[in-house]
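Let's take a walk through this protein together. Keep the picture open as you read, and look for each part as we come to it.

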Amino acid sequence: MSENSPDLEDDTGTYESGLPGFLGTIDVFISKVEAVMLAMGVILMAVNTCVNVIARFVFGEGLFFSGEINRILIILITFAGIGYAARHGRHIRMSAIYDALPVKGRKILMIVIALFTSVVMFFLCYHSYGYIETLYGRGRILPALGFEIWWIYIWAPVGFAITGIQYFLTAIKNFTSKDVYLSTGVVDGYADTESEV
């Protein structure tokens, strides 16, 4: 298929939720927050790394805080990215048994998978919050930047919560529609378009 083919869809535009009403509004809002977090995180990491390399070669000494900033940004990108992957149906799937089922069986299994994954994400959110409380109690600080280390791990429970919400919304989408959905906007399938995976 050529690049100019009208059959190809562009997934870089604005995100439109497949959910009705208030749930769709929540879904779109979360997607915008994720997009900003991911874009800013990647851009800031690239700029930070480039500036550090230039400083090392031009001035003979890199930025002493560059490693800590990249560590913070990697954590941010990782936990914002899990929600993004769930929203766009880009998560890894082991689908041999799933693909062998009829449509009704795939729909039921997708609902079970989405609900179970949502519960696991909220479970991880709860325990990551407990981990942050432990770090807060220890009072450790980042040596270069000088602020408490628990701040950089706030993205873990936020990312798990967003992903849990996304999988819960996927289960609702599968309950309310006739097609099988990998996420609220991605139909299950193996077509050449981006909307069907």
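**A pocket and some helices**

Keep in mind that this is a predicted model. We can start with an empty space: the second largest pocket is lined by 14 residues, and those nearest its centre are H91, I92, R93, M110 and I113. Its volume comes to about 190 Å³. How do you find a space like that? Rolling a probe the size of a water molecule over the atoms shows where empty space is left.

What is the lining of this second largest pocket made of? By class, there are nine nonpolar residues, four polar ones and one charged. Helix 4 (103-138) and helix 5 each supply at least two residues of that lining, and helix 4 gives the most, with five.

Now follow helix 4 from end to end. At 1.5 Å a residue, its 36 residues should span 52 Å, and the end C-alpha atoms are indeed 52 Å apart, so the two values agree. Just after helix 4 you'll meet G139, which takes a positive phi of about 70 degrees.

Helix 1 (residues 21-59) can be checked in a similar way. Its 39 residues should span 57 Å at 1.5 Å a residue; the end C-alpha atoms are 56 Å apart, which agrees. G60 follows helix 1, and its phi is positive, near 80 degrees.

Finally, see how helix 1 packs with helix 5 (residues 155-176): the angle is about 145 degrees and the axes are 11 Å apart. The crossing of these two helices is left-handed. Which residues meet here? From helix 1 come L23, D27, I30, E34 and M37, and from helix 5 come W155, I162, I165, Q166, L169 and I172. Sorted by class, the residues of this contact are eight nonpolar, one polar and two charged.

Notes. Residues are numbered from 1 along each chain as its sequence is written. This is a predicted model: local features need pLDDT of at least 70, side-chain atom pairs count only at pLDDT 80 or more; totals for chains, interfaces and linings use all residues. Side-chain values use heavy atoms; hydrogens and water are left out. Axes are lines fitted to C-alpha atoms, for helices over the stretch in contact, and angles run from 0 to 180 degrees between N-to-C directions. Helices (H or I, at least four residues) and strands (E, at least two) are DSSP runs, numbered from the N terminus. A crossing is left-handed if the near helix is turned anticlockwise from the far one by less than a right angle, and right-handed if clockwise. Contact means heavy atoms within 4.5 Å. Ala, Val, Leu, Ile, Met, Phe, Trp, Tyr, Cys and Pro count as nonpolar, Asp, Glu, Lys and Arg as charged, and the others, Gly among them, as polar. On a 1 Å grid over the protein atoms alone, a cavity is a set of points where a 1.4 Å probe fits but cannot get out, and a pocket is an open set with protein on both sides within 12 Å along at least five of seven lines; lining residues have an atom within 4 Å of a point. Grid points are joined across faces, edges and corners, and a volume is the space filled by probe spheres set on the points. The expected span of a helix is 1.5 Å times one less than its number of residues.
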